[in-house]
Amino acid sequence: MYAIKVELKLNNKERTLMRRHSGYARFVYNYGLALTQGLRSAGVKASVAKQINEIKKVFTNYTKKQPENQWMNELSSKVYQRAFIDLAQAYQRWAKGLSSKPVFKSKKDGDSFTVYDGNGKVLALSGKKIKIPTLGTFRLKEAFPCCYVTQTFTMSRQANKWYVSFAVDADRIPNGRASFDSTETARTRTCSPPTYHPEEAVGIDLGVKCFCTLSDGSQIKAPKPYKKAKTKLALAQWRNRNKQSGNRRQGVKQSNRAKKFYDSLAKKHARISYQRQDFLHKTTTDISRKFYRIRIEDLNVSGMLANSKLSSAISDLGFYEFRRQLIYKSEFFGTKVEVVDRWYPSSKMCSLCGNKHDNVKLSDRVYQCQNKSCLAHTITMDRDLNAAYNLLNAPLDYVRLAQPEVTLVDKK
Ligand SMILES: [Zn+2]
């Protein structure tokens, strides 16, 4: 199972159609949530799934037929059916402790909706067009290299771009001839088979100064244009600090120039996120192709985020995303991703003699061993490289196989 996500090429009419549908999905979700909450507080004992089923009947047979809700009949019925399924799933995830309690959706959360074809699987043909059931045929920015079979299509918007995504019920060929990337692209990247030697292992130290240091001595830096874009963004925000942004409660309308500014701001934010995604995908794919056993540190990211000086740098770099990508790509590339315990002294220990040195500051860029008979006492080592070696050679009781992370709740 993997996912395809491609940008749609829409005209203004189609954009409006997409926006209307996502508004519809949001309306139905909130409608269902409000009634479910009402039933729960009234002490109704039936299961949430049953309640939602009943609410759906009320919606179809009564609410949808009201004259003020005439607009709903112009839109796809598959969208509202899916919104109820989404709500039921949100409650299920909450019951399992995988996510927090369902909350009302707001326009600010962005636009997205899903078309679910209850009649069965649909064929998406290869080429530059996609036919979405009950919604219509749309042009694609990039052609599909082959035909896909799916039952759900999710449309989502980022800044001014709309995307369609769906899961493909198939396994990817392990040596990477299919498009490798599960969240971003359907590009036909002709991948050669992975070139790693199965014994090859690597330790990776993540850092702020240099994004990651590999135990084979290579260092990967986060792209500079990304930093530049952030500075520009901050400047634009400061220059436009007095723009009249709307406030519905006070009856203040957003000025045209403010609207323009916020649209351009969204585009800039989107650009930064594309750059980051691109960088992370390239890095994790490269590493997954080269090495078989990949060892990374179990980062105490929430602890690091508490340090305000580091926090913006870390959350920008996307360490979590880096790890997540390494883990999900491991299935595809056949790699083994291992996490080294947070308490393992990877940055304090000498990788040559094992001597521990407690006064390592974050500002020390080099590691010097305190043990006078050690080689690392005379020749200083790069601090991150030392840590990467230590991660590579960590004793087995500190190492565990990385699991895809699902829990959101226990982090709080
Ligand atoms: Zn030493």
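Colleague: Does Glu7 count as buried or exposed?
Modeller: The model is predicted, and the accessibility discussed here is computed from that model. The limit for burial is under 20% relative accessible area. Glu7 has a relative accessibility of 15%, so Glu7 counts as buried.

Colleague: Which residue forms a salt bridge with Glu7, with the closest N and O atoms 3.1 Å apart?
Modeller: Side chains of opposite charge can pair when their charged atoms come close. The partner of Glu7, which itself lies in strand β1 (residues 2–9), is in strand β5 (residues 136–144), and the pair links distant parts of the chain, 134 residues apart. At 40% relative accessibility the partner counts as partly exposed, whereas Glu7 counts as buried. The residue that forms this salt bridge with Glu7 is Lys141.

Colleague: How many salt bridges does the count come to?
Modeller: A pair is counted if a side-chain nitrogen of Lys or Arg lies within 4 Å of a carboxyl oxygen of Asp or Glu. The pair of Asp384 and Arg383 satisfies this, with its closest N and O atoms 3.7 Å apart, and both of these residues are buried. Under this rule, the number of salt bridges is 16.

Colleague: What separates Lys282 and Asp278 in helix α5?
Modeller: Lys282 and Asp278 form a salt bridge, with 3.0 Å between the closest N and O atoms. Lys282 is partly exposed at a relative accessible area of 41%, and Asp278 is partly exposed as well, at 29%. The two residues are 4 residues apart in helix α5 (residues 256–290), so the separation is about one helical turn.

Colleague: Which residues are linked with Asp111 in a network of salt bridges?
Modeller: Pairing by charge supplies the reasoning: a Lys or Arg nitrogen must lie within 4 Å of a carboxyl oxygen of Asp or Glu. In the network that contains Asp111, the other members are Arg19, Arg26 and Arg157.

Colleague: What geometry does the site of the zinc ion have?
Modeller: The protein donors are the SG atoms of Cys350, Cys353, Cys369 and Cys374, lying 2.2 to 2.4 Å from the zinc ion. Along the chain these donors follow the spacing C-x2-C-x15-C-x4-C. Ideal angles for four tetrahedral donors are 109.5 degrees. The angles among the 4 donor atoms are 105 to 116 degrees, and the site is tetrahedral.

Colleague: Which relative accessible area makes Cys353 partly exposed?
Modeller: Cys353 is one of the zinc donors, as is Cys350. Cys350 counts as buried because its relative accessibility is 1%. Cys353, by contrast, is partly exposed, and its relative accessible area is 35%.

Colleague: How many disulfides does a search of the whole structure find?
Modeller: A disulfide is a covalent bond between the sulfur atoms of two cysteines. Cys146, partly exposed with a relative accessible area of 34%, may serve as an example. Its sulfur is 6.9 Å from the closest cysteine sulfur, that of Cys147, and this is too far for a bond. For the whole structure, the number of disulfides found is 0.

Colleague: What accessible area do Leu123, Leu125 and Val149 have together?
Modeller: Leu123 lies in strand β3 (residues 122–124) and counts as partly exposed at 48% relative accessibility. Leu123 joins Leu125 and Val149 in a nonpolar patch on the surface, whose accessible area together is about 270 Å².

Colleague: How far apart in space are Asn11 and Arg139, C-alpha to C-alpha?
Modeller: Asn11 is placed in the loop between β1 and α1 (12–41) and counts as partly exposed at 35% relative accessibility. In sequence, Asn11 and Arg139 are 128 residues apart. In space, their C-alpha to C-alpha distance is 9.5 Å.

Colleague: What is the phi of Ala159?
Modeller: Most residues other than glycine have a negative phi. Thr134, in the loop between β4 (127–132) and β5, has a positive phi near 60 degrees. Ala159, in the loop between β7 (152–158) and β8 (161–168), counts as buried at 16% relative accessibility. Ala159 is not a glycine, yet its phi is positive, at about 50 degrees.

Conventions: Residues are numbered from 1 along each chain as its sequence is written. This is a predicted model: local features need pLDDT of at least 70, side-chain atom pairs count only at pLDDT 80 or more; totals for chains, interfaces and linings use all residues. Side-chain values use heavy atoms; hydrogens and water are left out. Buried means under 20% relative accessible area, exposed over 50%, partly exposed in between (1.4 Å probe, protein chains only). Donors are N, O and S atoms within 2.8 Å of the metal (3.2 Å for Na, K and Ca); water is not among the atoms, so sites may look incomplete. Four donors count as tetrahedral if all angles lie between 85 and 135 degrees; four count as square planar and six as octahedral if opposite donors are over 155 degrees apart and all others between 65 and 115; anything else is irregular. Patches are made of residues with over 30% relative accessible area and no salt bridge: like charges are joined within 9 Å, nonpolar side chains (Val, Leu, Ile, Met, Phe, Trp, Tyr) within 5 Å. Accessible areas come from the Shrake-Rupley method with a 1.4 Å probe; for residues, only the protein chains shown count as cover. A disulfide is a pair of cysteine sulfur atoms within 2.5 Å.
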